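Please brief me on this model, topic by topic. Keep it short and stick to what can be checked in the structure.

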Amino acid sequence: MTRDYAVLEEVKATPQEILNCSYSKWYPVFKEHTASSMIIPLPQEFIHYLSSESIHLPEPPRDVQGTIEEISEEDSESDSDDDDDEWETELRVDPTKEFPMINEFITKALDKYTYVTPKLNWSAPKDASWIMIDNTLKCRNTNDIYLLLKSSDHITHDLDHPFDESSEIENPPVEYELVLRKWKEINPSLEFRVFVRNGVIVGKSQRDLNYYDFLKNLIEEEKINDIINEFINYEVIPKFNNRSFIIDIYVPRPYKKIRIIDINAFTRVTDSILYTWPELINDQEDNIRLITETNIGRFRTKAYSESQVPLDVVNASADPGALAELAKEWQINERKD
Ligand SMILES: Nc1ncnc2c1ncn2[C@@H]1O[C@H](COP(=O)(O)OP(=O)(O)O)[C@@H](O)[C@H]1O
Ligand SMILES: [Mg+2]
């Protein structure tokens, strides 16, 4: 019987490949191409604070206005609900008092860079940007950083599921880190994602999911595809330990130099954006895929979808054949239950 749909193929990375994509592992190698950043290892107690359900922030500094300073569920808890001491304790953790080293680190970074944007080893709290006054990850004070980290499912994913797509059953412990990058004004239309498999570029995609009518011409006129190829082939592939990876880059005006935003594992945890996984695994393409007027609606709904539904579904949604395969699997599993 011939199959007219793609099978969901496994895309795994070794634990070492996943660890190699931690910011602190690749940043020293590509420092000259990346926004200046400061990194601090996180103690276990801080990880516990980040993973706990509650959000409690220190008293607001007097000169800061307009930021959401404190979200606590104390109000919604009934007063008689005193049987959950742990919850109460968590609510009272004041990170600025409990973690002076981290506090000092944040203060230093803010003194140095004025504005910073945070992330852990792999993820930035993009899904929590709505909580900030200007809807960005631009942090002006310590509270902004704690608030973003505590509100983000992407951060929780880094803490709870770093090895979801690992090829091994046993995985090493993770040394968690907080990264504070100097804030740069980034034009999202010029962010691209490049897929590298076995040392070869197999795809490139616009990263932001909006349609930019000028982008196609700009890429052609400024030869951006060639500039990206040269950078990835000569500057990145020979220097990075993973043979397969997915790199996010930024090409600011005047379109001569490339900045590295992030390096991700070549697994389904990383959004394949305008590609399907079978395409990335089996094919190789040289142009940059863009959102066009015709596919504008199809992909916009995909933003951050990786944190809302299982990854298999997100990826299969861009591939009707794979979706059929997944639906069939579900039916079989349902019958088994
Ligand atoms: N130094 C920076 N200044 C401002 N914004 C940044 C900076 N670095 C990254 N960003 C923005 O944050 C977004 C997410 O960063 P990224 O490191 O790719 O996180 P993730 O791996 O969670 O997607 C990027 O798409 C970019 O728009
Ligand atoms: Mg990333």
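Ile-273 counts as buried because its relative accessibility is 4%, under the 20% limit. This residue sits in the loop between strand E7 and helix H11 (277-282). Its phi is near 50°, a positive value in a residue other than glycine. The model is a predicted one.

**Backbone exceptions**

- Most residues other than glycine have a negative phi, and most peptide bonds are trans.
- Lys-223 also departs from the usual sign, with a positive phi near 50°.
- Lys-223 belongs to the loop between H9 and helix H10 (224-236).
- Is Lys-223 buried or exposed? Lys-223 counts as exposed, because its relative accessibility of 52% is over the 50% limit.
- Thr-114, just after H6, takes a positive phi of about 70°.
- A cis peptide bond links Arg-253 to Pro-254, with omega about 0°.
- Pro-254 lies in the loop between strand E6 (245-250) and strand E7 (259-265).

**Helix H6**

- H6 covers residues 100-113, which makes 14 residues.
- At 1.5 Å a residue, H6 should span 20 Å, and its end C-alpha atoms are indeed 20 Å apart, so the two values agree.
- Which residues of H6 are buried? They are Ile-102, Asn-103, Phe-105, Ile-106, Ala-109, Leu-110 and Tyr-113.
- These buried residues cover an arc of only 160° around the axis, so they lie on the same side of H6.
- In an α-helix there are 3.6 residues a turn, so residues three or four places apart point the same way.
- The other side of H6 carries the exposed residues Met-101, Lys-108, Asp-111 and Lys-112.
- Several elements help to cover the buried residues of H6. Among the helices are H3 (44-51), H5 (95-98) and H7 (142-151). Among the strands are E1 (37-41), E2 (116-119) and E3 (177-182).

**Second largest pocket**

- Rolling a probe the size of a water molecule over the atoms shows where empty space is left.
- The second largest pocket has a volume of about 290 Å³.
- Its lining has 16 residues, and the closest to the centre are Lys-216, Ile-219, Glu-220, Ile-288 and Leu-290.
- Which elements supply at least two residues each to this lining? Helix H9 (215-221) and strand E8 (288-289) do.
- H9 gives the most to the lining, with four residues.
- By class, the lining holds seven nonpolar, four polar and five charged residues.

**Tyr-304 and its contacts**

- Tyr-304 is placed in the loop between helix H12 (296-300) and helix H13 (311-317).
- Tyr-304 counts as partly exposed, because its relative accessibility is 34%, which falls between the 20% and 50% limits.
- With neighbours within four places in sequence left aside, Tyr-304 is in contact with Lys-126, Asp-127 and His-154.
- How far apart are Tyr-304 and His-154 in sequence and in space? They are 150 residues apart in sequence, and 9.1 Å apart in space, C-alpha to C-alpha.

**The chain as a whole**

- The secondary structure comes to 14 helices and eight strands.
- Of the 337 residues in the chain, 52% are buried.
- Among contacts with a separation of 6 or more, 72% are between residues 24 or more positions apart.
- The contact of Tyr-304 with His-154 joins residues 150 positions apart.

Technical notes: Residues numbered from 1 in each chain as written. Chains lettered and ligands numbered in written order. Predicted model: local features only at pLDDT ≥ 70, side-chain atom pairs only at ≥ 80, totals over all residues. Heavy atoms only, no water. Expected span 1.5 Å × (residues − 1). Buried < 20%, exposed > 50% of the residue type's maximum accessible area, 1.4 Å probe, protein only. Arc of directions from axis to C-beta. Contact = heavy atoms within 4.5 Å. 1 Å grid on protein atoms, 1.4 Å probe; cavity = no way out; pocket = protein on both sides within 12 Å on 5 of 7 lines; lining within 4 Å. Points joined across faces, edges and corners; volume = space filled by probe spheres on them. Nonpolar A, V, L, I, M, F, W, Y, C, P; charged D, E, K, R; others polar.
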